Amino acid sequence: MAKPSHPSNLELQALSVIWHEGPSTVARVHESLPDGKERAYTTVLSVMQSLEKKNLVKRSRSGRAHVYEAAYSQDIIVQRATHDFLTNAFGGRLGEAILAILSAGTLTPDEKTSIERELQRHKAMAAKKIAKKAAAKTAKKAATKVAKKAPAKKAPAKKAPAKKAAKKAPAKKAPAKKVAKKAVKKVAKSAAKKVAKKAAKKTVAKKAPAKKVAKTAVKKAAPAKKAAKKAPAKKAPAKKVAKKAAKKA
C-alpha cells in the first residue's frame, strides 16, 4: 500500500472524530470537531471531500446520507504527524515533547496507567536491545579468538595423473650391448663378402670352394664380436663400438 498523504490540522481533527466515533456523516463531524470553533457546514464538507481526494477516507451511501470511513488507522497517520511535530518543534528531543504535552492539560487515572504501561514497555525494549548488542560483541570476540588459534589448513598437493606422468617420463634407451651386437653382425657380413670376393679372384687355380673362404672370413671377424661383448655397455656408445669392430675386421 502507498504511503498516505499528510493531512492538514483541520483534516486531522475530522479524522480524529471518525477514529473515535466510527464511520460518520459530515453533520456529525461538524458537530464533534475537537477545537469547538464555529464553522460552516460547507467548510466541513470541503474538508471531507479533500480527505477523500487524498485517499485518507472512503465514502459510502446510507440512504440519502454520505458516510465517511477512515482508510488508515490512527497509529499510521499519527505516527507520521508526531514525528514531524517532534522534529520541527523540539528538534527530535522526545523528553521535552512529552513534558510539554503533559503540561498542556491534566491526565485521567486511566490515561496515567496507560502511559505508565507504555513507559515500562519502552524500558523492556531498551533492555533487550542492549542485551542483543552485548551478545553480538561477545560472539564476535569469541569467533576472532578461535580463528586466530586455529591452524591454517594446507591445501593437499595435486597429484599428476598417470597419463601425464607417463608422457613426461624419459623413454628408456636400448642397451649398448644389443646395439653393438647388431653392428658387429652387419660389419662381419660385409667383411665376409669382401674377403670372399678377393679370395675367389686370387685362388682361381685352387679348388677350394667359396664357402670355406667365407667361413675363414667369419672366423677372422669373430674377435671383433668378443671385443664388443667385453666393452662396457653404459660408457661406450653404440656408434663407437661399431666403428672399432669395423676397423678390427
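Start with Val29: leaving aside residues up to four places away in sequence, Val29 touches Ala14, Val17, Ile18, Ser24, Val44 and Met48, a contact being heavy atoms within 4.5 Å. All of this comes from a predicted model, where local features need pLDDT of at least 70 and side-chain atom pairs count only at pLDDT 80 or more, while totals for chains, interfaces and linings use all residues. Residues are numbered from 1 along each chain as its sequence is written, and side-chain values use heavy atoms, with hydrogens and water left out.

Val29 also turns up, with Met48 and Leu51, among the residues with the most contacts inside the largest nonpolar core, which has 17 residues. Such a core is a set of buried Ala, Val, Leu, Ile, Met, Phe, Trp, Tyr and Cys residues joined through side-chain atoms within 4.5 Å; buried means under 20% relative accessible area, with a 1.4 Å probe and protein chains only. Helices H1 (9-21), H2 (26-32) and H3 (41-53) each supply at least two residues of this core, and H1 gives the most, with five. Helices here are DSSP runs (H or I, at least four residues), numbered from the N terminus.

As for confidence, the protein averages a pLDDT of 77, and 64% of the residues score at least 70; pLDDT is the predictor's confidence in each residue, from 0 to 100. Helix H3 comes out highest, at a mean of 96, and helix H9 (residues 210-230) lowest, at 54. Over residues 204-208 the pLDDT is below 50, and this stretch has zero contacts in the model beyond near neighbours in sequence.

Then there are the pockets. A pocket is an open set of points on a 1 Å grid over the protein atoms alone, where a 1.4 Å probe fits, with protein on both sides within 12 Å along at least five of seven lines; lining residues have an atom within 4 Å of a point. The largest has a volume of about 920 Å³, volume being the space filled by probe spheres set on the points. Its lining has 18 residues, with Thr82, Leu94, Ile98, Ile101 and Glu118 nearest the centre. Helices H4 (74-90), H5 (94-103) and H6 (109-149) each give two or more residues to that lining, and H6 has the largest share, six.

The second largest pocket holds about 190 Å³ of space. Thr82 is in this lining too, along with residues including Leu12, Trp19, His20 and Gln74. H1 provides the largest share here, five residues.

Notes:
Buried < 20%, exposed > 50% of the residue type's maximum accessible area, 1.4 Å probe, protein only.
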